[in-house]
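Trainee: Could you take me through one helix packing in this model, close up? I'd like the geometry, then the residues behind it.

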Amino acid sequence: MEITKEKIYRSIAYERKKGFSNSQGLESVFSDFLINQISYLAKNFSINKEKKGFFTSIIDDLKKYDDFCIADRKKIIEKLLDNLEKPSKIKIEEKTIIIPNKEIKKVEINAIKDTKTTSTNWEDYSVQSVKGIGSKLAENLALASIHTLKDLIRYYPRKHLNYLNRTKIKDCKIGDLVTIWGIIKSVTCFTPPNNKNITILTLTVNDGTGKIVTSWFYGGANKYMQEQYKRRFPENAQVLLSGKVKIDSFSKKLAIDKPETEVLGEVEIEESTSLHANRIVPVYPLVEGLNLKWLRRTIKTALDTFSNQIKDPLPEWLKQKYNLLNLPQALNEFHFPNDEELLERARYRLIFDEFFYMQLGFAYKRKLNEVNTKSVVLESNGEYVNKFLEILPFTLTNAQERVFKEISIDLASPKPMSRLVQGDVGSGKTVVAFLTLLMAVQNGFQGSIMAPTEILAEQHFRKFALWGYTLGLKASFLSGSLTKKQKDLALSELESGNTNIVVGTHALIQEDVKFKNLGLVVVDEQHRFGVMQRAELKNKGKNPQVLTMTATPIPRTLALSLHGDLDVSIIDELPPGRKSIDTKVIKGNRQLMWKIIREEVNKGRQAYIVFPLIEESEKITAKAAVVEAKKLQDKIFPEFKIGILHGQMKNSEKEEEMRRFVNKELDILVSTTVIEVGVDVPNATVMVIENAERFGLAQLHQLRGRVGRGSDKSYCLLVTDKMGDISEQRLKIMTETNDGFIIAEQDLKIRGPGEFLGTRQSGLPDLLLADLVRDTAILEFAKKVAKEVIDTDLLLEKEEHFLIKKELYNFFRNNKDYFTS
């Protein structure tokens, strides 16, 4: 329970940081993640009826989280926190992990005390084991999450400055990146009379060949503060400056822009033992109470003192085969490199380690699953598959054929299938899913497909019921909105075997759902379900095969990190005849938007208008669906029929509104993001997204995919009243391409992996040094080596792999469920 509550608190902290935006994690968005955790807590621990009732109420609110305004989202979370006992942050209980013929205890994680430890393992030594660190400095280091000696040595530089290659001032050219050494000749600090809000500090530096200046800008400061700023740069002190050369906008003199600065004081610049000059110098991230020079000296002392105790987990054969530095050398060279080449080799080894243990965990888990589990074998005898392909009014694309072939090969093996199918909006994943389900049916088994929303599940069901009927097969539907009579009938036909294929929502994993012989499970939009939910559906059969699918394009590097234990198939080709969607950014003036909508509706087409909120909020200026729908009906489009759809409506109301839109009884559907995935109305040709700057790129792309599903030209209008540089860059990408994978790659580059994924709630270990965008090649290599190690020694029992096994469990120590899920 401690672990579950800890996850809940961490995810809430991250959601707060992201402004209650329903942040995206590796497995799911925040609200779905919380639903999974609370459900697990309520199901697996002793909780009274009143508390269970409260949790049920919170889960109901979280299911509509996207449709609440920010103020209401905060209230939901505050209500949860008020009723959830705070977990201990001091200790996580020891956990035993069972693998075949082995029982391995994970390291117990205890709070690090401020006294010197007597542990024989150097990694667990308190930082006070390092000479010069007392209790006060240990407290300062703790602010940077440095508690142990390992934390200190793994506190990597954020960059390095090469002070070996110094440039003379007379040789500086505008635009060059340079490092210069000189003497501080003058220091001025003043507040301009025409702007009392800033203070300018300017240094003039002379190296004997010329002068150069550099300036810093602070908030308005009084005389005392100005003197404090100046004291950091005493006149006649030696100084190193590293940065880009420019012309100073005030003095019009040669200057260095925002330089990294080292005041050397009395240190001799040519002193070979200096850590701060005449070498490649590490620059560390700092927190309050830490000084850069002190931190350099302290880390150097730690390395000098304890390097001989650092054991390299990688065996010699592996390092020699792939020319990898020894770990102690890599750590020393990365902090204090002797040259650029050794710095890069050290960086490579440390990044490789992070990726290697991640991929080793994936490979280990997958191989263990293959050894311990035998799934049903689904031979491709072609009876139903061939007949279905004959009646389809179109031919499969090459990509659909390729992916279905990959799936067929997996299903013909007793090894459990580990495959994720990615397909961009409109690429034809649904057809591939149905073909896969037919393979279960033609082998005498039942198949099921689970979707995250009722709208998407119903859409699948309508198609599958029609396709199944033409083949003489029965498809059933199961969701929480069914009446008792409808549900009882569906359950009875499922248990008796009269139903060949069942389509449903989370209702499929309820206790009263029983299959006669479930042979195949398809999980659509798999990232919207937790590990336990997917496992519960699988457990409804006797080792059925499992196929996971997503319409959210994931860049390859992220796929390797998120789904390293899966084979990934990509449907990267759209059906012929699909036209690209004309995407425009509309800033403020909505006349063009209304003109396009009016023209399209008058042609007999339909339009969506999506808003980020349901009702107006005093704190958020985003347009609200309910209010705006009334304005549009009364003032803008009185001649058209306008409907509204949002997550707070009853299921029956949502179904009726969608039915009216599908049947062309509505011209315009005003909606929140409940239509983001799966809604298929070929007659809709206009998608308007209000406050587009508030949506992520993936979400914008999914919403755009609701149009362009027929043969008519379609439009996506991204409407915004206020847009910063990043928002403008993101929306521009939407106008340049309709390819979801290109969009995902660009989004990753703009936001970085942490923000892209919301990694803090993912459960996967943090990457200290590796970068999923920059280090793709190392990630690919690490996966190859990890597979090589596991293929030769599944349980890592060889003596040479003992330290690798220990490091693997340490690497996943904060995700204790990983090897047991």
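Mentor: Sure, let's start with a pair of helices: the axes of H11 (residues 340-372) and H25 come within 7 Å and cross at roughly 45°. An angle of that size falls outside the roughly parallel range, which ends at 35 degrees, and below the roughly perpendicular one, which begins at 65, so H11 counts as oblique to H25. As for handedness, the crossing of H11 and H25 is right-handed. Keep in mind that this is a predicted model.

Now the residues. H11 brings Tyr348, Ile351, Phe352, Phe355, Phe356, Gln359, Leu360, Ala363, Tyr364 and Lys367 to the contact. From H25 come Ile778, Leu779, Phe781, Ala782, Lys783, Val785, Ala786, Val789, Ile790 and Asp791. Sorted by character, the residues of this contact are 16 nonpolar, 1 polar and 3 charged.

Let's stay with H25, which covers residues 776-792. Its 17 residues, at 1.5 Å each, should span 24 Å, and the end C-alpha atoms are 25 Å apart, so the two values agree. Buried residues in H25 are Ile778, Leu779, Phe781, Ala782, Val785, Ala786, Glu788, Val789 and Ile790.

If you want a buried glutamate in another helix, look at Glu493, which sits in H16 (residues 484-496). Its relative accessible area is 17%, and the cut-off for buried is under 20%, so Glu493 counts as buried. Setting aside neighbours within four places in sequence, Glu493 is in contact with Lys474, Ser476, Asn498 and Thr499.

How values were computed: Residues are numbered from 1 along each chain as its sequence is written. This is a predicted model: local features need pLDDT of at least 70, side-chain atom pairs count only at pLDDT 80 or more; totals for chains, interfaces and linings use all residues. Side-chain values use heavy atoms; hydrogens and water are left out. Helices (H or I, at least four residues) and strands (E, at least two) are DSSP runs, numbered from the N terminus. The expected span of a helix is 1.5 Å times one less than its number of residues. Buried means under 20% relative accessible area, exposed over 50%, partly exposed in between (1.4 Å probe, protein chains only). Contact means heavy atoms within 4.5 Å. Axes are lines fitted to C-alpha atoms, for helices over the stretch in contact, and angles run from 0 to 180 degrees between N-to-C directions. Angles under 35 degrees count as roughly parallel, over 145 as roughly antiparallel, 65 to 115 as roughly perpendicular and the rest as oblique. A crossing is left-handed if the near helix is turned anticlockwise from the far one by less than a right angle, and right-handed if clockwise. Ala, Val, Leu, Ile, Met, Phe, Trp, Tyr, Cys and Pro count as nonpolar, Asp, Glu, Lys and Arg as charged, and the others, Gly among them, as polar.
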